[in-house]
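Reader: I should like to go through this structure with you by question and answer. Please show the sequence and the coordinates before we begin.

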Amino acid sequence: MKRNLLLKITFTLLFLNNIVIYAQQDTIVVESLATDKDDYYKLKYETLDMFLRDESRLFKFAVSPFKPNEKYDFSIILSQLAYESKLAKNWSVVAEMNQEFMLLKDGVVFINSFDPGVRNYFFKTRQIEKGISGNNCNGVYAGIKASNLLRATKTIIDSSNDTYVGFYIIPELNLGIQQRISNLFYVDANAFVNYNTATNKPGFGLKVLVGLAINAGE
């Protein structure tokens with residue numbers, strides 16, 4: 001009798017233990033699914049916010065992995081400080097300060113240039129009407145600017161130090177895309193053609209900028 005009672009108690013405990021284990025496993029699965037779902041919606045809402053919010057003014061700082069010309073010289077460091085302001089849904093004005101640092105065998109060269117221009121985000125009005133974009137500076141654009149309108153060059157070779165400041169007329173057309181890749185970072189890639197009136201030579205290339213963008217319109 002006692003033996004049968006002991007067996008019944010043992011069987012009952014094992015049965016209850018299995019129920020608890022399965023319940024814990026189900027809870028872990030549900031919690032895991034809930035966490036994955038929360039992460040998914042968080043990422044989704046952050047992405048929607050980047051596309052749908054209004055950004056009328058941007059301060060930007062970026063660097064380029066190569067010198068944008070026909071040779072794509074990776075020995076030249078290019079950085080850019082820029083301000084972009086919306087004029088209308090499709091239009092914006094851009095003021096760029098570009099800096100180049102070239103390390104030569106016997107010295108260094110610093111080039112600073114001021115490049116103003118305008119951009120047309122030609123899909124923006126339609127995107128806003130469809131509710132898939134805010135009034136911002138994300139998207140495909142066509143632009144025109146006065147490249148190297150004001151240019152300052154400083155050359156340091158051996159013991160000599162030479163500085164030159166001058167105006168250039170280098171009109172430039174570009175077609176590109178500017179897009180946020182997070183709430184802080186952005187990428188701007190464009191193909192361009194220009195014409196140097198001082199040397200009577202055309203130029204072309206591809207410029208890729210990656211950097212920070214701060215919404216100054218808030």
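Reader: Is F59 buried, partly exposed or exposed?

Author: This is a predicted model, in which local features need pLDDT of at least 70, side-chain atom pairs count only at pLDDT 80 or more, and totals for chains, interfaces and linings use all residues. Residues are numbered from 1 along each chain as its sequence is written, and side-chain values use heavy atoms, with hydrogens and water left out. Buried means under 20% relative accessible area, exposed over 50%, and partly exposed in between (1.4 Å probe, protein chains only). F59 has a relative accessible area of 46%, so the residue is partly exposed.

Reader: Which residues form the nonpolar patch on the surface with F59, and what is their accessible area together?

Author: Patches are made of residues with over 30% relative accessible area and no salt bridge, with like charges joined within 9 Å and nonpolar side chains (Val, Leu, Ile, Met, Phe, Trp, Tyr) within 5 Å. Accessible areas come from the Shrake-Rupley method with a 1.4 Å probe, and for residues only the protein chains shown count as cover. F59 is joined in the patch by I181, L184, F185, V210, L212 and I214, and their accessible area together is about 630 Å².

Reader: Which element supplies the largest share of the nonpolar patch?

Author: Helices (H or I, at least four residues) and strands (E, at least two) are DSSP runs, numbered from the N terminus. F59 itself is found in strand 1 (residues 57-64). The largest share, three residues, comes from strand 10 (residues 201-215).

Reader: What pattern does the protein follow along the sequence?

Author: The protein has two helices and ten strands. Read along the sequence, their pattern is α-β-β-β-β-α-β-β-β-β-β-β.

Reader: Where is confidence lowest in the protein?

Author: The pLDDT, which is the predictor's confidence in each residue from 0 to 100, averages 79 in the protein, and 72% of the residues score at least 70. Over residues 5-11 the pLDDT stays under 50, and the model has zero contacts (heavy atoms within 4.5 Å) for them beyond four places in sequence. Where pLDDT is low, the predicted coordinates should not be read in detail. Confidence is highest in strand 5 (residues 139-147), at 95, and lowest, at a mean of 51, in helix 1 (residues 2-52).

Reader: Which salt bridge links R180 to a distant part of the chain?

Author: A salt bridge is a side-chain nitrogen of Lys or Arg within 4 Å of a carboxyl oxygen of Asp or Glu, and by this rule the count comes to seven. R180 lies in strand 8 (residues 170-180), while its partner, 125 residues apart, lies in the loop between helix 1 and strand 1. Both R180 and E55 are buried. The salt bridge, at 3.1 Å from N to O, is that of R180 with E55.

Reader: Which residues are joined with R119 and D188 into one network?

Author: The side chains of R119 and D188 meet in a salt bridge of 2.8 Å, N to O. R119 belongs to strand 4 and D188 to strand 9 (residues 185-196), 69 residues apart. Both R119 and D188 are buried. Through salt bridges that share partners, they are joined into one network with K60 and E84.

Reader: What separates the C-alpha atoms of K60 and E84?

Author: K60 is found in strand 1 and counts as buried, because its relative accessibility is 2%. Not counting residues up to four places away in sequence, K60 touches several residues, including E84, R119, Y186 and L212. K60 and E84 are 24 residues apart along the chain, and their C-alpha atoms are separated by 7.9 Å.

Reader: Why is the aromatic pair of Y121 and Y141 called tilted?

Author: Rings of Phe, Tyr and Trp (its six-membered ring) pair if their centres lie within 6.5 Å; planes under 30 degrees apart count as stacked, over 60 as edge-to-face and the rest as tilted. A search of the whole structure finds four aromatic pairs. The rings of Y121 and Y141 have their centres 5.6 Å apart, and the pair is tilted because the angle between the planes is 55°.

Reader: Which residues does N148 contact, leaving aside its neighbours within four places in sequence?

Author: N148 lies in the loop between strand 5 and strand 6 (150-157). Its relative accessibility is 13%, so N148 counts as buried. The residues in contact with N148 are S113, F114, D115, Y168 and I170.
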